[in-house]
Structures are given as C-alpha cells and as structure tokens.
Amino acid sequence: MKPRLVFVCVENSCRSQMAEGFARLHGAGLVEPFSAGSRPSGKVNETAAALMKEKGVDLGLQTSKGLDALPAGKWAAVVTMGCGDACPHLAAERRLDWALPDPKHLPPDEFRRVRDEIEARVKALIADVAAS
C-alpha cells in the first residue's frame with residue numbers, strides 16, 4: 001500500500017489543490033495524494049489551474065472538497081496550509097504546517113512563487129516519505 005498524503009487549506013481551491021497536483025505528478029507510483037479544505041469553496045481556483053498547466057499539471061479532474069470527503073484511515077503525512085483553528089486532527093505519522101500565503105489575490109508572478117515553493121516542498125516530502 002502506498003503512503004497516503006493529504007494537503008489541507010481553507011477553501012481547497014489553491015494551495016492544497018496545487019500540492020495534490022504536484023504530488024500526483026512527482027509521486028506517481030510512490031504516494032497516494034489527496035486534498036481537502038476546512039471550509040471548501042466548491043471550485044478549483046481558475047488562476048491556480050491555469051498556472052499549474054504551465055508546469056504540465058491539469059487540475060481539471062480535481063474538485064474542491066471538505067474533510068468529510070477524505071477516506072478513513074491513517075495518513076503518512078498531513079500537511080496544513082493556513083487553515084488556522086480549523087486545521088484537521090487526522091491520524092498521521094507526521095504533521096507539517098506550511099506557512100504559505102494564500103495566492104488567490106496575488107499578481108501572477110507572486111502566485112507563481114507560491115506555486116513553485118509548493119512544488120519544491122512536495123518533492124522534498126515525497127522523497128522523505130518514500131525513504132521511510
């Protein structure tokens with residue numbers, strides 16, 4: 001069974017969606033990624049989807065969902081990104097809080113910087129989890 005990763009932000013529209021997309025790309029065959037929001041918006045941010053295409057990641061098949069949509073069981077890692085008091089308490093081997101700004105109102109170049117930071121962190125997490 002592949003290690004399961006879950007990325008959580010408030011709306012599950014930008015940061016956690018991008019993290020899930022990068023985990024699918026860079027962790028194919030190594031991890032099983034998911035994402036959710038503490039207060040999901042119900043849609044994937046259009047800018048996030050467009051800027052992820054620049055990296056070869058299509059968020060078109062992903063949907064914004066809440067924590068209740070996650071499968072039951074233990075997680076290899078739970079990564080929270082700015083969900084504050086609403087961050088989940090899921091059974092996990094490791095918990096990480098990535099203090100990244102919500103890019104939804106940022107200009108494209110700053111949005112890309114957040115996206116690229118998420119990609120770097122996802123790659124490092126996958127390498128760490130795969131080595132465990």
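In the predicted model, Lys55 is partly exposed, with a relative accessible area of 32%. The side chain of Lys55 forms a salt bridge with that of Glu119, at an N to O distance of 2.9 Å. Lys55 lies in the loop between helix H2 (46-53) and strand E3 (75-80), whereas Glu119 belongs to helix H3, so the pair ties together parts that are 64 residues apart in sequence.

Glu119 itself is found within helix H3, which spans residues 108-131. Because its relative accessible area of 10% falls under the 20% limit that defines a buried residue, Glu119 is classed as buried, and the salt bridge between Lys55 and Glu119 therefore joins a partly exposed residue to a buried one. When residues up to four places away in sequence are not counted, Glu119 touches Phe22, His26 and Lys55. A further relation across the sequence is seen with Met18, which is 101 residues from Glu119 along the chain, while the C-alpha atoms of Glu119 and Met18 are 8.0 Å apart in space.

The pairing of Lys55 with Glu119 also takes its place in a network of salt bridges, in which Glu54, Lys55, Asp109, Arg112, Arg115, Asp116 and Glu119 are linked. For the model, the count of salt bridges comes to 11.

Another salt bridge involving helix H3 is formed by the side chains of Arg94 and Asp128, with an N to O distance of 2.3 Å. Arg94 is located in strand E4 (residues 92-97) and Asp128 in helix H3, so that this pair ties together parts that are 34 residues apart in sequence. Asp128 counts as partly exposed, at 40% relative accessibility.

A salt bridge within a single helix is provided by Glu20 and Arg24, for which the closest N and O atoms are 2.6 Å apart. These two residues are four positions apart in helix H1 (residues 15-26), which means that Glu20 and Arg24 are separated by about one helical turn. With regard to accessibility, Glu20 is buried, at a relative accessible area of 3%, whereas Arg24 is partly exposed, at 42%.

Terms used. Residues numbered from 1 in each chain as written. Predicted model: local features only at pLDDT ≥ 70, side-chain atom pairs only at ≥ 80, totals over all residues. Heavy atoms only, no water. Buried < 20%, exposed > 50% of the residue type's maximum accessible area, 1.4 Å probe, protein only. Contact = heavy atoms within 4.5 Å. Salt bridge = Lys/Arg side-chain N within 4 Å of Asp/Glu carboxyl O.
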